[in-house]
Amino acid sequence: MTHDHQAEAETRIRSAMQQLLVGSVPDGLKCDVKSLCTLAGVPRATLYRTYPHLKAEFDRQRTASQQAGRQPDPRLAQIERLKAEVASLRERLSRKNAELDALKEFQTRALSRLAAQHDETAVLRRRLEAPPGKPIRLMRGC
């Protein structure tokens, strides 16, 4: 490789690095070394063999960006956001299921109490309607 060709390739690699690291990732590519080589028009073997310092710089900048809370690849950022949303929704669903179970239990107890109160009301009505001295059936079927 001539010196001019190497300088041109290095410029293309740096330009591709900037494009990927600012989040301008073209469709079908990611913020990774393979995409860096594709954008720069440089074979991966050449990047590893001739420009290891640029690969190391790209990896370092990408890692620093991720540790700072910025995700250069918008798809990966979207995946992380969706994972957090799914976790939140699962937690919410779990709380709602617990609430529903408590409400079903409350409904069962309330219906049971209403049935007992209805039976007690019926017994009291029969007592009021019965002539004095006549035995009263306290429960149905007795």
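**Entry 1: burial and one pair in α5**

I started with the terms for burial: a residue is buried under 20% relative accessible area, exposed over 50%, and partly exposed in between. What I have open is a predicted model. I looked up Glu99 with those limits in mind, and it is partly exposed because its relative accessible area is 42%. Its partner Lys96 is partly exposed too, with a relative accessible area of 45%. Glu99 and Lys96 meet through their side chains in a salt bridge, 4.0 Å from N to O. Both residues belong to helix α5, which covers residues 74-129, and 3 residues, about one turn of the helix, separate them. Elsewhere, shared partners tie the salt bridges of Glu10, Arg14 and Glu57 into one network.

**Entry 2: the network around Arg14**

I counted next: the search gives 9 salt bridges. Then I turned to Arg14. Its side chain forms a salt bridge with that of Glu10, at 3.4 Å from N to O. Arg14 and Glu10 sit 4 residues apart, about one turn of the helix, in α1 (residues 3-21). I noted Glu10 as partly exposed, since its relative accessibility is 24%. Arg14 is also partly exposed, at 33%.

Which other residue forms a salt bridge with Arg14? I found Glu57, with the closest N and O atoms 3.2 Å apart. This pair links distant parts of the chain, as Glu57 lies in helix α4 (residues 52-67), Arg14 lies in α1, and 43 residues separate the two. Is Glu57 buried or exposed? Its relative accessibility is 19%, so with the cut-off at 20% Glu57 counts as buried.

**Entry 3: how α1 and α4 pack**

With a salt bridge between α1 and α4 in hand, I checked the geometry of the two helices. Two packed helices are described by the angle between their axes and the distance between the axes. The axes of α1 and α4 come within 11 Å and cross at roughly 10°. Angles under 35 degrees count as roughly parallel, so α1 and α4 are roughly parallel to each other.

I also listed who meets whom. From α1 the residues are Glu10, Ile13, Arg14, Met17, Gln18, Leu20 and Leu21. On the α4 side they are His53, Leu54, Glu57, Phe58, Gln61 and Arg62. Both salt-bridge partners of Entry 2, Arg14 and Glu57, appear in these lists.

**Entry 4: the nonpolar core**

How many residues does the largest nonpolar core have? I get 18, and those with the most contacts inside the core are Ile13, Met17, Leu20, Leu36, Leu47, Tyr51 and Phe58. At least two core residues come from each of α1, α2 (33-40) and α4. α1 gives the largest share of this core, with 6 residues.

I took Leu20 as a probe and set aside its neighbours within four places in sequence. The contacts of Leu20 include Leu36 and Phe58, along with Val25, Pro26, Leu39 and Pro72. Lys30, Cys31, Asp32 and Ser35 are in contact with Leu20 as well.

**Entry 5: α2 and its end**

Which residues of α2 are buried? My list reads Val33, Ser35, Leu36, Cys37 and Ala40. The buried residues of α2 pack against α1, α3 (44-50) and α4. After α2 comes Gly41, and I noted that its phi is positive, near 70°.

**Entry 6: cysteines**

A disulfide is a covalent bond between the sulfur atoms of two cysteines. I searched the whole structure and found 0 disulfides. Why is Cys31 not bonded to Cys37? Cys37 holds the cysteine sulfur closest to that of Cys31, yet the distance is 13 Å, too far for a bond with the cut-off at 2.5 Å. Looking from Cys37 gives the matching result, with Cys31 as the closest at 13 Å. Cys31 is buried, at 7% relative accessibility. Cys37 is buried as well, at 6%.

**Entry 7: one long distance**

Last, I returned to α5, where Glu80 is found. Glu80 is partly exposed, with a relative accessible area of 46%. How far is its C-alpha atom from that of Pro132? I read 79 Å, for residues 52 apart along the chain.

Technical notes. Residues numbered from 1 in each chain as written. Predicted model: local features only at pLDDT ≥ 70, side-chain atom pairs only at ≥ 80, totals over all residues. Heavy atoms only, no water. Buried < 20%, exposed > 50% of the residue type's maximum accessible area, 1.4 Å probe, protein only. Core = buried A, V, L, I, M, F, W, Y, C linked by side-chain atoms within 4.5 Å. Contact = heavy atoms within 4.5 Å. Axes fitted to C-alpha atoms, helices over the stretch in contact; angles between N-to-C directions. Parallel < 35°, antiparallel > 145°, perpendicular 65-115°, else oblique.
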